[in-house]
Amino acid sequence: MTRPRDIWPLIHAERAALADDLAELTDEQWTTPSLCEGLSVREVLAHITVAAGIGPMNWLAGVIRARFDFDRQVAERLATRLGATPQETLAAFRAVVASRTKPPLPVVAMLGEAIVHGEDIRRPLGIRRAYPIETLTLLAEYYSHSNLMLDSKQHVQGVRLIATDGPFRYGTGPEVTGTTLALTMAMTGRKGYWEELTRTG
């Protein structure tokens, strides 16, 4: 796995690209339902902002305050970064683009926050990003070996994943092929990406 200090620049680049992609959204577009059930694209952006600005101690304090109700904690913290307008939401996100603060998670998980939630926002808006294949491959490798938070490793047991646009390979069994992005998003449970994959055997 790439060293944490090498991953942070990738995270910052993805955050900056997302901020630029959202700069010209209309107020109506900000209310578009995201791929995260029950959340608009604006609310998902606020969620990313929260994750980029909360350290381990503050995270733990929030968990205790919410009586270990993680859904409640997410909702409460999201509200603190939403702002009064979409412009305030975006400004708050821009303020943490270069942040290295994180909850008690591996640094690569923060890359997942930027890319997976970035897709949760971009896809419903019809925005496409040409992600660097090296960045996507790094993230795909992480999710294929981790059940932390998302059970992504569990989602791909019993199949062999083969990227059609890069070097990512994982597992054994019937082959599932597709772009590295589609494979990555499918591992995180985003059902809309499964239709972009091909299974043989």
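## Where H7 meets H8

Helix H7 (residues 107-125) and helix H8 (residues 133-144) have axes that come within 10 Å and cross at roughly 115°. Here an axis is a line fitted to C-alpha atoms, for helices over the stretch in contact, and angles run from 0 to 180 degrees between N-to-C directions. The crossing of H7 and H8 is left-handed, a label used when the near helix is turned anticlockwise from the far one by less than a right angle (clockwise would be right-handed).

Which residues do the touching? From H7 come Val108, Ala109, Leu111, Gly112, Ile115 and Val116, and they meet Thr135, Leu136, Leu138, Leu139, Tyr142 and Tyr143 in H8. Contact means heavy atoms within 4.5 Å. Sorted by class, this H7 and H8 contact has ten nonpolar, two polar and no charged residues. For those classes, Ala, Val, Leu, Ile, Met, Phe, Trp, Tyr, Cys and Pro are nonpolar, Asp, Glu, Lys and Arg are charged, and the others, Gly among them, are polar.

## What kind of model this is

This is a predicted model, where local features need pLDDT of at least 70 and side-chain atom pairs count only at pLDDT 80 or more, while totals for chains, interfaces and linings use all residues. Residues are numbered from 1 along each chain as its sequence is written, and side-chain values use heavy atoms, with hydrogens and water left out.

## The chain as a whole

The protein chain has ten helices and four strands. These are DSSP runs, numbered from the N terminus: helices are H or I with at least four residues, strands are E with at least two. Read along the sequence, the pattern is α-α-α-α-α-α-α-α-α-β-β-β-α-β.

Of the chain's 201 residues, 48% count as buried. Buried means under 20% relative accessible area, exposed means over 50%, and partly exposed is in between (1.4 Å probe, protein chains only). Looking at contacts with a separation of 6 or more, 63% are between residues 24 or more positions apart.

## H7's other partners: H1 and H3

H7 also packs with helix H1 (residues 4-21), at an angle of about 20° and with the axes 8 Å apart. That makes H1 roughly parallel to H7; the cut-offs are under 35 degrees for roughly parallel, over 145 for roughly antiparallel, 65 to 115 for roughly perpendicular, and oblique for the rest. The crossing of H1 and H7 is left-handed. On the H1 side, the contact includes Trp8, Glu14 and Arg15, and on the H7 side Met110, Ala114 and Arg122 are among the residues taking part. By class, there are 14 nonpolar, one polar and four charged residues in the contact of H1 with H7.

With H3, H7 packs at about 170°, and the axes are 10 Å apart. The two helices, H3 and H7, are therefore roughly antiparallel. Val41, Val44, Leu45, His47, Ile48 and Ala51 in H3 meet a set in H7 that includes Met110, Glu113, His117 and Asp120. By class, the H3 and H7 contact has eight nonpolar, three polar and two charged residues.

## H3 and what sits around it

How many of the eleven residues of H3 are buried? Ten are, so H3 is largely enclosed by the rest of the structure. Among the buried ones are Arg42, His47 and Thr49.

Just ahead of H3 in the sequence, Ser34 sits in the loop between helix H2 (27-30) and helix H3 (41-51). Ser34 counts as buried, at 10% relative accessibility. A polar atom of its side chain lies 2.8 Å from the backbone oxygen of Leu39. Not counting residues up to four places away in sequence, Ser34 touches Leu39, Ser40, Val41, Val44, Asp120 and Pro124.

Helix H5 (residues 70-82) holds Leu82, and Arg81 is found in H5 too. Leu82 and Arg42 are 40 residues apart along the chain, with their C-alpha atoms separated by 7.6 Å. Beyond four places in sequence, the contacts of Leu82 are Arg42, Glu43, Ala46, Glu88 and Thr89. Arg81 counts as partly exposed, at 35% relative accessibility. With the same neighbours left aside, Arg81 is in contact with Ala46, Thr49, Val50, Thr89 and Ala92.

## A threonine in H8

Back in H8, Thr137 counts as buried, at 14% relative accessibility. The Thr137 side chain reaches the backbone oxygen of Ile133 at 2.8 Å. Leaving aside neighbours within four places in sequence, Thr137 is in contact with Pro167, Phe168 and Thr180.

Technical notes
Polar contact = N/O pair within 3.5 Å; in protein donor to acceptor, adjacent residues only side chain to side chain.
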